[in-house]
Amino acid sequence: MSIEVKNVTKIYGKQKALDNVSFSIEPGSIVGFLGPNGAGKSTMMKIITCFIPQTTGDVKVCGFDVINNPIDVKKQVGYLPEHNPLYLDMYVKEYLDFIGGVHKIGNRKARVKEMIDIVGLGIEQNKKIGALSKGYRQRVGLAQAMIHDPKVLILDEPTTGLDPNQLEEIRGLIKNIGKEKTIMLSTHIMQEVEAICDKTIIINQGKIVANDKTQDLGQQQKSNLVLMVEFDKDANSNHLKNIVGVIRVKKHKDKTWAFEVENDKVRNNIFQYAMENDLVVLTIQKETQNLEAIFKKLTT
Ligand code: ADP
Ligand code: MG
């Protein structure tokens, strides 16, 4: 496992920021760590990257324990903190060279050049960091996090504050990097995990409330399939209830009914019923529970 978190609790003074959190992350995946503000995302990430210690529980990165082997852990992880603290007075190359020095990287000049290529800083490479746009500063942050070629990347809200173009560029970059590395990224934006993450772990008030493949999250939380059916005129709910395969039926509005059904084939029975009762089906559609709805359900 790239990351193994077991029964981790973190207490700040009187406040429990993480409450018995456990999860693991396999190598080579992009995992979204999704949760509202204050859920404990940054706290978890600071523990994984050895910036703060947990109160209780165990955390391992590539098999190394964060408390007992922090130096080994730091070799395996790259970290982009939430507010991306950069030295605004330094030049891009100068800064990356400095970070390379901190990691005692050999052949620093070549590595800095390579990083500039990987994150697409080419045209901005001779500027001071303070002169860069937020999108390019995030690229510097990513280069900084990857310069020592770690196996695992921890990115804390890497796209917050970017405009739509920058957002798309940084997401593309993260996806690309994810082909070679394990990435855990935090976000409070549902669309973000849908756009880039293979797996999603949802955290709320310090507790893990979901952990699944992003595409399966909807399935898992869904109770029964719901078909929204609009007829051309009003219908009798007692009759609709008796259609074979219908579990429940509820008027949604006017002439639209929400049918909770056993499976997708029940739509044929609904058509049949309509035909026999002089009703016309104007529209029929599956109600999909998107990630946003699931997120709301799990975190409120
Ligand atoms: P997130 O990153 O999901 O927004 P955080 O991990 O930053 O959440 O915070 C989780 C909870 O812990 C919040 O309620 C926050 O106020 C609290 N917290 C975070 N850091 C500290 C700290 N250094 N001292 C006290 N409370 C903290
Ligand atoms: Mg945070």
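In which loop is Asn84 found? Asn84 is found in the loop between strand 6 and helix 3. Helices (H or I, at least four residues) and strands (E, at least two) are DSSP runs, numbered from the N terminus. The model is predicted: local features need pLDDT of at least 70, side-chain atom pairs count only at pLDDT 80 or more, and totals for chains, interfaces and linings use all residues. Residues are numbered from 1 along each chain as its sequence is written, chains are lettered from A and ligands numbered from 1 in the order in which they are written, and side-chain values use heavy atoms, with hydrogens and water left out.

Asn84 has a phi near 40 degrees, a positive value in a residue other than glycine. Most residues other than glycine have a negative phi. At 10% relative accessibility, Asn84 counts as buried. Here buried means under 20% relative accessible area, exposed over 50%, and partly exposed in between (1.4 Å probe, protein chains only). Gln205 also takes a positive phi, near 45 degrees. Gln205 sits in the loop between strand 9 (199-204) and strand 10 (207-213). Gln205 counts as exposed because its relative accessibility is 66%. Cys50, just after helix 1, has a positive phi of about 65 degrees.

The loop between strand 6 and helix 3 also holds Glu82, a residue of the metal site. The magnesium ion (ligand 2) has as protein donors Ser42 (OG), Glu82 (OE) and Glu82 (OE), lying 2.0 to 2.8 Å from it. The pair links distant parts of the chain, with Ser42 in helix 1 (residues 41-48) and the two positions 40 residues apart. Donors are N, O and S atoms within 2.8 Å of the metal (3.2 Å for Na, K and Ca); water is not among the atoms, so sites may look incomplete. Ser42 counts as buried because its relative accessibility is 16%. Glu82 is partly exposed, at 33% relative accessibility.

Helix 1 is largely enclosed by the rest of the structure, because seven of its eight residues are buried. These are Lys41, Ser42, Thr43, Met44, Met45, Ile47 and Ile48. Residues of helix 1 also appear around ligand 1, including Lys41, Ser42 and Thr43. The others around ligand 1 are Tyr12, Gln15, Ala17, Pro36, Asn37, Gly38, Ala39 and Gly40. A residue is taken as near a molecule or strand if one of its heavy atoms lies within 4 Å of it.

Polar contacts to ligand 1 were also computed. A polar contact is a pair of N or O atoms within 3.5 Å; within protein, one must be able to donate a hydrogen and the other to accept it, and residues adjacent in sequence count only if both atoms are side-chain atoms. An N or O atom in the side chain of Lys41 is 2.8 Å from an oxygen atom of ligand 1. A backbone N or O atom of Ala39 lies 3.1 Å from an oxygen atom of ligand 1. For Tyr12, a polar side-chain atom lies 3.4 Å from a nitrogen atom of the ligand.

Pockets were sought on a 1 Å grid over the protein atoms alone. A pocket is an open set of points where a 1.4 Å probe fits, with protein on both sides within 12 Å along at least five of seven lines; lining residues have an atom within 4 Å of a point. Grid points are joined across faces, edges and corners, and a volume is the space filled by probe spheres set on the points. The largest pocket has a volume of about 670 Å³. Its lining holds 21 residues, of which Phe51, Lys74, Val102, His103 and Gln144 lie nearest the centre. Two or more lining residues come from each of helix 2 (70-76), strand 6 (77-80), helix 3 (92-102) and helix 5 (134-146). Helix 3 gives the largest share, four residues. The lining divides into twelve nonpolar, six polar and three charged residues. Ala, Val, Leu, Ile, Met, Phe, Trp, Tyr, Cys and Pro count as nonpolar, Asp, Glu, Lys and Arg as charged, and the others, Gly among them, as polar.

The second largest pocket holds about 220 Å³ of space. Its lining includes Arg111, Glu114, Met115, Ile118, Met146 and Asp149. Helix 4 (108-118) and helix 6 (164-177) each give two or more residues to this lining. Helix 4 gives the most, with four residues. The lining of the second largest pocket has five nonpolar, one polar and five charged residues.
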